[in-house]
Amino acid sequence: MNVRRMQQAYGSSALQTEVEVASPHKLVLMLFDGALQAIRLAKVQMAQGKVAEKGQLIGKAVSIVDEGLRNSLDIAQGGELAVNLSGLYEYCTRRLLQANLDNDAAALDEVSALLDEVRSAWVEIGRKPNPAEAQMQATADAGI
């Protein structure tokens with residue numbers, strides 16, 4: 001995972017400190033949250049006819065999905081799952097760009113649903129300790 005790319009995609013903001021100290025897992029979660037928030041706000045701007053604001057927010061979502069999520073995938077290590085996620089992120093990027101051009105709120109909803117589904121899986125992954133951590137905890141619990 002390329003942590004630097006994830007940090008750059010998230011952007012410099014008041015949350016910069018949180019980004020700098022976040023684990024790679026937390027960074028990915030923050031990227032999902034940032035993209036989903038940008039999409040939600042873009043939909044509001046779209047409904048209000050604020051073209052420039054909508055475009056900026058969709059651009060932010062595209063940047064997070066493409067430069068943050070997709071570019072942080074390790075295809076060599078992640079294998080088929082990483083390839084499939086890369087394809088999904090590319091699709092999401094295309095749909096976001098099309099939503100911007102066509103003022104298509106349904107496309108924003110579609111991308112939001114797709115990203116939210118992957119985000120939910122990512123949250124579940126974070127709840128499961130990896131085998132090395134589980135072994136260390138078991139050893140500590142046993143007093144070894």
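**Exercise 1. Determine the order of the elements in this predicted model, and how many helices and strands there are.**

Solution. Reading from the N terminus, the elements run α-α-α-α-α-α-α. The count that goes with this order is seven helices and zero strands. Turning to the contacts between residues at least 6 apart in sequence, 59% of them join residues at least 24 apart. Of the 144 residues in the protein, 32% are buried, and the accessible surface comes to about 8500 Å², with 53% of that area belonging to carbon and sulfur atoms.

**Exercise 2. Compare the span of α5 with that of a straight helix of 28 residues, and locate the kink in α5.**

Solution. Begin with the expected value: at 1.5 Å a residue, a straight helix of 28 residues would span 40 Å. The end C-alpha atoms of α5, however, are only 33 Å apart. Next, look along the helix for a bend, and a kink of about 75 degrees is found, centred on L81. Then examine the two ends: at the start of α5, a side-chain oxygen of D74 comes within 3.2 Å of the backbone nitrogen of A76, while just after the helix N103 adopts a positive phi of about 50 degrees. Finally, consider the packing: the buried residues of α5, among them L85, Y89, C92 and L96, pack against α3, α4 and α6.

**Exercise 3. Carry out the span analysis for α6, and identify its N-terminal cap and what covers its buried residues.**

Solution. Helix α6 covers residues 105-127, and its 23 residues reach 33 Å from the first C-alpha to the last, which is close to the 33 Å expected at 1.5 Å a residue. The N-terminal end is capped by D104, a side-chain oxygen of which lies 3.1 Å from the backbone nitrogen of A106. The buried residues of α6 include L108, V111, L115, V118 and W122. An α-helix has 3.6 residues a turn, so residues three or four places apart point the same way. The cover over the buried residues of α6 includes α3 (24-47), α4 (51-70) and α5 (75-102).

**Exercise 4. Decide whether R119 counts as buried, partly exposed or exposed, and name its contacts beyond four places in sequence.**

Solution. First place the residue: R119 is in helix α6. Its relative accessibility is 22%, and because buried requires a value under 20% and exposed one over 50%, R119 counts as partly exposed. Leaving aside neighbours within four places in sequence, R119 is in contact with L29, F32, D33 and L36. As a last step, take the C-alpha atoms of R119 and V28, which are 8.7 Å apart in space although the two residues are 91 residues apart in sequence.

Key:
Residues are numbered from 1 along each chain as its sequence is written. This is a predicted model: local features need pLDDT of at least 70, side-chain atom pairs count only at pLDDT 80 or more; totals for chains, interfaces and linings use all residues. Side-chain values use heavy atoms; hydrogens and water are left out. Helices (H or I, at least four residues) and strands (E, at least two) are DSSP runs, numbered from the N terminus. The expected span of a helix is 1.5 Å times one less than its number of residues. Buried means under 20% relative accessible area, exposed over 50%, partly exposed in between (1.4 Å probe, protein chains only). Contact means heavy atoms within 4.5 Å. A polar contact is a pair of N or O atoms within 3.5 Å; within protein, one must be able to donate a hydrogen and the other to accept it, and residues adjacent in sequence count only if both atoms are side-chain atoms. Accessible areas come from the Shrake-Rupley method with a 1.4 Å probe; for residues, only the protein chains shown count as cover. The bend at a residue is the angle between axes fitted to the seven residues ending there and the seven starting there.
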